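Here is a short note on the aromatic side chains, for someone opening this entry for the first time. Please keep the view at hand while reading.

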Amino acid sequence: MRHIFYQMRLRTIALSLLAVAASCSSPFPEAGVPYGLAVHRKADIGNVRYALSFDIAADTDADIPASETVSFDLRRRDDVFMDMRGFDIKALKVNGKPVEAEVMQEHLKLPRRLLSAGSNSVDISFTAGNQSLNRRDGFLYTLLVPDRARTLFPCFDQPDMKARYTLSLSLPDGWTAVSNTAVESVEGNTMHFRETEPLSSYLFSFVAGEFQCMTCDGISAGGQAVHLYHRETDPAKVAQCGEILALVRRSLDWLEDYTGIPYPFAKYDLIVLPDFQYGGMEHTGATLYNERRIFLGEAPTTEELLGRASLIAHETAHMWFGDYVTMKWFNDVWTKEVFANFFASKMVRPLYPDVNHTLNDLRTLYAPAYSEDRTVGSNAIQRPLDNLSSAGLIYCNIIYDKAPVMMGMLEKKLGQDAFRSGIRRYLEKFAYSNATWDDLIDIFSEEASFDVSEWSRVWVKERGMPVFDAGIDGGCVKVTQTDPFSQGNRWQEDISYLLVGDSTYTCTAVFNGDGEYLADAPFKVDHVIPNVDGTGYGWFRLSQDEALWIQEQWHQLDDTARMSTLMTLYENVWHRDMDASAFVAWICSELRGERNRLISGAMMEYAASASQWCHEVPEFENVLRETAADGKADHELRLLAFRTLMTHCDSCSDELLSIWRDMRPYGGLVLGERDYTSMAYQLMLRFPDQASQIRSEQASRIVNPDRKDAFMYVSQACSPEKAERDAFFKTLLSAETRGPESRVKDALTLLNSPLRYPESLEYITPALEALCEVQRTGDIFFPASWCGCLLSGHVSPEASAALKDFIHKNGDMSPLLMTKVLQRGGWLLQQ
């Protein structure tokens, strides 16, 4: 019934706000983009086109004059409200008639007396808003997701009012520009771009600045060569452009083959940006990528290579899933992200045939999903959303990582052929348009042999993950499933169990809506070990005997089972069902012999995490030091060990200082600029009397001006003077004085380093109190990142008390925003 109540709630919101919007010309809609207004506009307005012009200045503080002509068809004569926030209208004409701009509650009113049923045209002169016009020295870029187009220009800022855009940009000398479509013409310093395909407002984009451009023969999309724009100065990194473009082409080939639809847009260019807030952003024709994720170091790890390939596959998948077919409303934003990550996982498999990709999915999908789903802040994949001003808060690991796990289960249940057929029909039916998750469920239901809607209800519209307990009861294997939130939900999935006793046997516990699985044991069974094939999703509680068996026999298991049971052990430590010190000591005993790079990396991450919650385990540092220094060991394992040692072990500080100062390889270990930069931050914290010298020296080593600016900003957080750190912290609390988000996250993490305890306790409450402003002015991932960077370095009872006090005093905070606090404060709230 819950999905019915969910739909009723949306209808109620729609009807109430529709009544307000349509009743008379006096009341303005509420601020933001309320759902009722969106429904009303979609019903009355169509055939929208924007002609936009911006006069770009190189000076980041200079105003950007802008103008637009927006044309649309109106079904009936009525007031029309456009969305805008944070900038001024200079002049307004409606159907050629000048009128004074009337702006209230983030809406520009177009009066009905000047409008007509049928075609209308509106001319607007304005000063472009700065919030989403990310301006840096030498370049700028737009980032308008989810509702930030309205902070740049007046528009109908909702995903289901797709429009066609034309754009003109007047540029400073020496600058170039990239937008969704190819250049139509150039007049002096002004570039005119061709009209786009129908796009949602959040996908409109342009980038301008001083960039280098690369192409590769034979790599094209939409009949146009694929261009890569960048600001990189390191020749070794620039040399990677060919690899990057090849990954784009392979992703395009895979998607065209799977969907049966040729690339549906005019071109595919990519722009690699320093300090970009996200991993990537799927603007058609102008996809943005994070420089750290795309240009890799001298000796990239398997994880980094997989991450880059997966990121490119993810953003390329969005061209079909998100851009070609777009969600109707941002409550379904997860539908574009689930397909992007689900298909990215498939696309990288043939690129790296030697990698165990089931194991990799455990690391990249299951683990981050568990990090939120295990907490009291767990949320459903799909959630109600009454205003797009809160749409950014919908984004989370659960939609990026749990949803693809769910989608894999659905594909398995439907069958690969039926699943692919349904996907193709979905794309064909909603081409260049909008759809809901339920639209896809309806398509799948036509040929399914089970109730897809009910299956979807529990997995998509309910929060939490199943808790599994297993054992032997009267000669039977008994597995029970419970709902951690006592809502009576039953998740349909298949769980593999290894039965150990007189023999060994792997059985599958099938849950089709029941809470219990019972089967005769094939022999005398002593241990029931869960999820050995790594495909089950949930918290698998272990008895003491089962946990001990896993630890003793772990090295005998295959790679997938080792990774899965490692995660199961960690989840039991997180829930305090196992001792953290014993877990870290066990990892130390196994790490020396582990040769799978992905598993070794996970072991180091889990041990570093768990070591914060327990008494010091000296053996952990010893193992890391031995592994990093072992010249005969695998280079990648050594690098992972060194990076963990650098950030989590204090007693090796003198040795790190010597390595950093001399820039000498650690036993032949090749280190890159990012490693030395990370070392500099850590050394400034550990050697306050040398902090100024370390900062100056590291800055002099960094050649690229963008990275040097980033280092100088972030390193302020490492000042040995508390007054300077406090003053810097205060600048983070306001958008007017805050730097780029990627830098702020690094700085906030350093300000709250365990090495700064107890002084860093003072930052918890004011930073949490700034969270509403952070959400209002920051981009979609910033509130969660803000909370995570603030709280991840704290484990003390005082920090726990401060967090709980804030939650208690802010019960009226938006539930969507409070969820970020509850998820990122998960361990502290366990105390």
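1. Start with a charge over a ring. Arg-701 sits over the face of Trp-660, and the distance to the ring centre is 4.3 Å. Please bear in mind that the model is predicted.

2. A second arginine is placed in this way. Arg-541 lies over the face of Trp-539, at 5.1 Å from the ring centre.

3. Now the ring pairs. How many aromatic pairs does a search of the whole structure find? The count is 56. One of them joins Phe-139 and Tyr-141. Their centres are 6.4 Å apart and their planes differ by 15 degrees, a stacked pair. Phe-139 and Tyr-141 are both buried.

4. Next, look at Trp-455 and Trp-459. This aromatic pair is tilted, with 35 degrees between the planes and 6.1 Å centre to centre. Why are the two about one helical turn apart? Because they are four residues apart in helix α12, which covers residues 452–461.

5. Are these two tryptophans buried or exposed? Buried means under 20% relative accessible area. Trp-455 has 1% relative accessibility, so Trp-455 counts as buried. Trp-459 has a relative accessible area of 0%, so Trp-459 is buried too.

6. Finally, a cluster. Ring pairs link Trp-254, Tyr-258, Phe-321, Phe-339, Phe-342, Phe-343, Phe-419, Tyr-426, Phe-430 and Phe-444. Please select these residues together in the view, including Trp-254 and Phe-444, to see the cluster as a unit.

Conventions
Residues are numbered from 1 along each chain as its sequence is written. This is a predicted model: local features need pLDDT of at least 70, side-chain atom pairs count only at pLDDT 80 or more; totals for chains, interfaces and linings use all residues. Side-chain values use heavy atoms; hydrogens and water are left out. Rings of Phe, Tyr and Trp (its six-membered ring) pair if their centres lie within 6.5 Å; planes under 30 degrees apart count as stacked, over 60 as edge-to-face and the rest as tilted. Buried means under 20% relative accessible area, exposed over 50%, partly exposed in between (1.4 Å probe, protein chains only). A charge sits over a ring if NZ of Lys or CZ of Arg is within 6 Å of the ring centre and within 35 degrees of the ring normal.
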